[in-house]
Amino acid sequence: MVPLLDVNAQNHPLESELQAAFTQVMKHGRFIMGPEMETFEKEIATMTGAKHALSVSSGTDALLLALMALNIQPGDEVLCPAFTFFATAGAVSRLGALPVFTDICPICFNLDVNDARKKITAKTKAIIPVHLFGQCADMDPILALAAEHGLKVVEDAAQSIGAAYKGRQSGTMGHFGTYSFFPSKNLGGFGDGGMLVTNDDELAEFARVLRVHGSKPKYYHHYVGGNFRMDTLHCALLSVKVKRYAQYTAERQRNAVHYTTALAKLPGIVLADPAHCKCASAQAAALAAQGAKIVLPVAYGHNSHIWNQFTLRVLGGKRDSLRDHLVAKKIGCDIYYPVTLDQQQCFADLPVSSRRGCEVAHQLAGEVLSIPIYGELSEAQREEVIASIAEWL
Ligand SMILES: *Cc1c(COP(=O)(O)O)cnc(C)c1O
């Protein structure tokens, strides 16, 4: 038995420290925007190198707040990948703006900048690169494209806090970056929570005001904001974990190395080739020539990957067969994501122009399968996962 994720394995050893944090907050009683909130925000700012860090109610609200602070309006178009968690596009829609879906790179699963370029119109105001599964999107060409067209850049770094691109921290390269502390994220919290980061003083100040109903001072409202705050208590609890974050990341990276080394030795399992970045046809030809059944994920050399997910591509229409086999063996696994965003029911009424040309995303939605990668996996558990996959081949 190997679960896909075991939050208790990480949290239970911290019980006494967590209880002390709880007691401290309970005793002073400043549950909303108390001192531990500021401490935690400083810790995240220090860890990521961002100038400003604002704790918020969730990763979803971090995205919404970023787009509100960038003044995204009804009728505006915002580019985002078709292959991501729903919140990326949901935040755009909630403001009355139009999410325009871009295709993805078959190697790193992230937004394909060449496709994004084709979908820019006079109405395009922003782009949301997502750093999916813990690896950064190819930011240099994305930032260049954004600069060329005057687009705002919001990095959805919900799955990639602490990851790096060419030495730059995920979330700190655009106008805003957003993190999530949902329990299954790498810095997993004790409920919902998130963080909005920026290096821009004015944007930080505007987001700070919007976080509390657009009021400054209290009860004087210049804007319509919302309640986007994160609880003091939750900040205090996460401060206990943030001190250990480098270790948590190292453990996930060790697991990824173990999987990659062991699985790549099995017949029919190949490593994705970074040379095929953004070129699905060249990649498909190479995989066919190799007789590949499963493609392993890779980290680009310029990226520091934090492995929120370890996602296999299972070729030849066999993904569900491998999933069923692993489930029968009691090996946790799941499909992130089975339906691309351009194909979601709630977006069926959006103009076709916003939902075209996402073929790679559609293909991958039928191939991906994520296996356990959380830091506390034992070597025996990793071997069990590997043996179960070997048995299926
Ligand atoms: C988890 C996630 C979010 C939303 O974060 P919540 O804290 O759950 O609201 C947004 N985008 C991506 C890519 C995510 O994985």
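**Close-up 1. Helices H3 and H9 pack against each other at an angle of about 40 degrees.** In this predicted model, H3 covers residues 35-48 and H9 covers residues 232-242, and their axes lie 8 Å apart. That angle makes H3 oblique to H9. The crossing of this pair is left-handed. To find the contact, look on the H3 side for Glu36, Met37, Phe40, Glu43, Ile44 and Met47. Their partners in H9 are Thr232, Cys235, Ala236, Leu238, Ser239 and Val242. Sorted by class, the contact of H3 with H9 has 8 nonpolar, 2 polar and 2 charged residues.

**Close-up 2. Helices H4 and H8 meet at an angle of about 120 degrees.** Here the axes are 9 Å apart, and H8 is made up of residues 201-211. H4 is therefore oblique to H8. The crossing of H4 and H8 is right-handed. From H4, the residues to pick out are Leu65, Met68 and Ala69. They meet Leu203, Phe206, Ala207, Leu210 and Arg211 of H8. This contact counts 7 nonpolar residues and 1 charged residue, with no polar ones.

**Close-up 3. The largest pocket holds about 570 Å³ of space.** Its lining consists of 35 residues, and those closest to the centre of the pocket are Phe85, Gln159, Ser184, Lys185 and Tyr337. Helix H4 (59-69), helix H5 (87-94) and strand E8 (176-180) are each the source of at least two lining residues. H4 thus appears in this view as well as in the contact with H8. The pocket lining is split by class into 18 nonpolar, 13 polar and 4 charged residues.

**Close-up 4. The largest cavity encloses about 100 Å³ of space.** Lining this cavity are 15 residues, and the ones closest to its centre are Leu5, Gln10, Pro183, Lys185 and Arg252. You may recognise Lys185, which is also listed among the residues closest to the centre of the largest pocket. Helix H1 (residues 7-11) gives the largest share of the cavity lining, with 3 residues. By class, the cavity lining has 4 nonpolar, 6 polar and 5 charged residues. In the structure there are 4 cavities of 30 Å³ or more.

**Close-up 5. Two cis peptide bonds are worth a visit, one of them between lysine 216 and proline 217, the other between tyrosine 336 and tyrosine 337.** A general point helps here: most peptide bonds are trans. For the bond from lysine 216 to proline 217, omega is near -10 degrees. Proline 217 sits in the loop between H8 and H9. For the bond that joins tyrosine 336 and tyrosine 337, omega is about 10 degrees. Tyrosine 337 belongs to the loop between helix H12 (319-328) and helix H13 (359-365). Tyr337 is also one of the residues closest to the centre of the largest pocket.

**Close-up 6. Phenylalanine 133 has a positive phi.** Most residues other than glycine have a negative phi. At phenylalanine 133, phi is near 65 degrees. To locate phenylalanine 133, go to the loop that runs between strand E4 (124-127) and helix H7 (139-149).

Terms used
Residues numbered from 1 in each chain as written. Predicted model: local features only at pLDDT ≥ 70, side-chain atom pairs only at ≥ 80, totals over all residues. Heavy atoms only, no water. Axes fitted to C-alpha atoms, helices over the stretch in contact; angles between N-to-C directions. Helix = DSSP H or I, 4+ residues; strand = E, 2+ residues; numbered from the N terminus. Parallel < 35°, antiparallel > 145°, perpendicular 65-115°, else oblique. Left-handed = near helix turned anticlockwise from the far one by under 90°. Contact = heavy atoms within 4.5 Å. Nonpolar A, V, L, I, M, F, W, Y, C, P; charged D, E, K, R; others polar. 1 Å grid on protein atoms, 1.4 Å probe; cavity = no way out; pocket = protein on both sides within 12 Å on 5 of 7 lines; lining within 4 Å. Points joined across faces, edges and corners; volume = space filled by probe spheres on them.
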